[in-house]
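Trainee: Could you take a close look at one part of this protein with me? I would like to work outward from there to the rest of the chain.

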Amino acid sequence: MPETPAYPVGLRLAGRRVVLAGGGTVAQRRLPALLAAGADVTLIAPEVTPSVEAMAEAGEITWERRTYRDGDLAAAWYALAATDEPAVNAAIAAEAETRRIWCVRTDEADEGSAWTPATGRTEGVTVAVLTSGAPGVPEGAAGRDPRRAAAVRDAIVAGLSDGTLVARRNRPRAPGVALVGGGPGDPDLITVRGRRLLAEADVVVADRLGPRDLLDELPPHVEVIDAAKIPYGRAMAQEAINAALVAHAKEGKAVVRLKGGDPFVFGRGMEEAEQLAAEGIEVTVVPGISSSISVPGAVGIPVTHRGVAHEFTVVSGHVAPEDPRSLVDWPALARLRGTLVLLMAVENLGAIAAALRAHGRPDDTPVAMIQEGTMATERRVDATLATAADRAAAEGVRPPAVVVIGEVVGVGPYAPGAPAASRDSGTRR
Ligand SMILES: C[S@@+](CC[C@H](N)C(=O)[O-])C[C@H]1O[C@@H](n2cnc3c(N)ncnc32)[C@H](O)[C@@H]1O
């Protein structure tokens, strides 16, 4: 006979007394979900792990520093027997049975009156999975299988989180636009929230940079507007992008503005947010992994390194140092000892390097130029501050590229001249 399946139920534990006996790693794993449910947890154990102790010190739980005694379950709604003494767990389960309190035994699950499902949460959905023997399967061949339950839970949560399992909301949503940072280009480097919103979108307005491969995965009904192809000059193009966002949002569509890197790092994200807010449209900002940190990291350059650089400064190089429109204090930057990360600097690299050298940054400061970082075409060209512009021209370095200036370029096993080492940054090839 296959075992009887459990009856699934969601316990609303807010403000209700829950007794947890045991203070080891099992208790530690169960506590966050109990606390998230608002349970009034009394933990009974002579000793606890440091994490559990910290929860007690923070007042999140009441810790009674002793072993379990008969009567401890008085007034409890729910009990967990998680000590490492089977006889104690059995006594707790027996008291729970007498008091008609549901009780989980973590050592011998079948001896308790309740089972803990494998649970996960994503964006308002709680997934709880229990397994039990299937009809027709001989006893013992496929009974409760917590690992399978966890695997099913993981698959559902991951699918819902990243949008590969599409379960659209039925409640009407307020018209809105999500400004989603797509990361530097590798589609794996978008956040799970960004990916889910993309999967739920009706309209996607996409930049030239960012995870463009993800656009191929969108279903045919999704309208993709290529912001890079919007005509007119730069300012007009931005106006046209804003107008498209406003128009589609006002039609009640789920609109995603997919941007490269992080929306607020040289991304004009706030201009778009301001425009939408002025039109009364709700804006959700989803931060992204900025190329300023991730592209150096992908080729093995840390923007900080203990004993080498205690600061890094991210600068736009789209305006040359001598240009009156420049807002950058290049002489001050030249005096800094830390790492300089330049974006949009390929065209003005000669003038920028000259300004930094003129104001005191040494000629032999290492420089790395990383083009199309994290993408299949990624490449790195190394130089010094004195040679960077010539090297960039000779090697045909083109945008998009991140330029890293500073001693961090020379640290670690992936630096030029370091003993050969294999590197796997996860970059798609
Ligand atoms: C308009 S800025 C946008 C930056 C973006 N918001 C971010 O946080 O990464 C564009 C510049 O970012 C840099 N960039 C973005 N993605 C890159 C990549 N995959 N490889 C190299 N540089 C990149 C280049 O300097 C490019 O010219």
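What is the order of the five strands in the open sheet, and is their pairing parallel or antiparallel?

Mentor: Happy to! Keep in mind that this is a predicted model. The open sheet runs β3-β2-β1-β4-β5, and its five strands pair in parallel. At the edges stand β3 (62–64) and β5 (102–105); each has a single partner strand, so one side of each is left without a neighbour in the sheet. From one strand to the next, the twist averages 15°.

Let us zoom in on one of those edges. Strand β4, residues 78–81, is joined to β5 by four bridges, and the two run parallel. If you want a pair to find on screen, look for Ala81, which stands opposite Arg105 of β5.

Now to the wider layout. The protein is divided into three parts: domain 1 covers 11–116, domain 2 covers 177–289 and domain 3 covers 292–410. Between the C-alpha centres of domain 1 and domain 3 there are 56 Å.

The ligand is a good next stop. Domain 2 and domain 3 both give residues to the shell around the ligand, so the ligand lies between these two domains. That shell holds 24 residues, and the closest are Gly261, Val265, Ser290, Ser291 and Gly373. Two elements, α9 (291–298) and β17 (401–405), each give two or more residues to the shell. The largest share comes from α9, with three residues. By character, the shell divides into 13 nonpolar residues, nine polar ones and two charged ones.

One more element deserves your attention, and that is helix α8, which spans residues 269–278. Its buried residues are Gly269, Glu272, Ala273 and Leu276. Viewed down the axis of α8, these buried residues fall within an arc of 100°, so they line one face of the helix. Turn to the other side of α8 and you will find Glu274 and Ala278, both exposed. Just after the helix, Gly280 takes a positive phi of about 75°.

If you would like a route for viewing, begin at the β4 and β5 pair, with Ala81 opposite Arg105. Then go to the ligand between domain 2 and domain 3, and finish at α8, comparing the face with Glu272 and Leu276 among its buried residues with the side where Glu274 is exposed.

Technical notes: Residues numbered from 1 in each chain as written. Predicted model: local features only at pLDDT ≥ 70, side-chain atom pairs only at ≥ 80, totals over all residues. Near = placed C-beta within 6 Å. Nonpolar A, V, L, I, M, F, W, Y, C, P; charged D, E, K, R; others polar. Domains from an automatic or database assignment. Buried ≥ 20, exposed ≤ 12 C-beta atoms within 10 Å, placed from the backbone. Arc of directions from axis to C-beta. Pairing = 2+ DSSP bridges. Axes fitted to C-alpha atoms, helices over the stretch in contact; angles between N-to-C directions.
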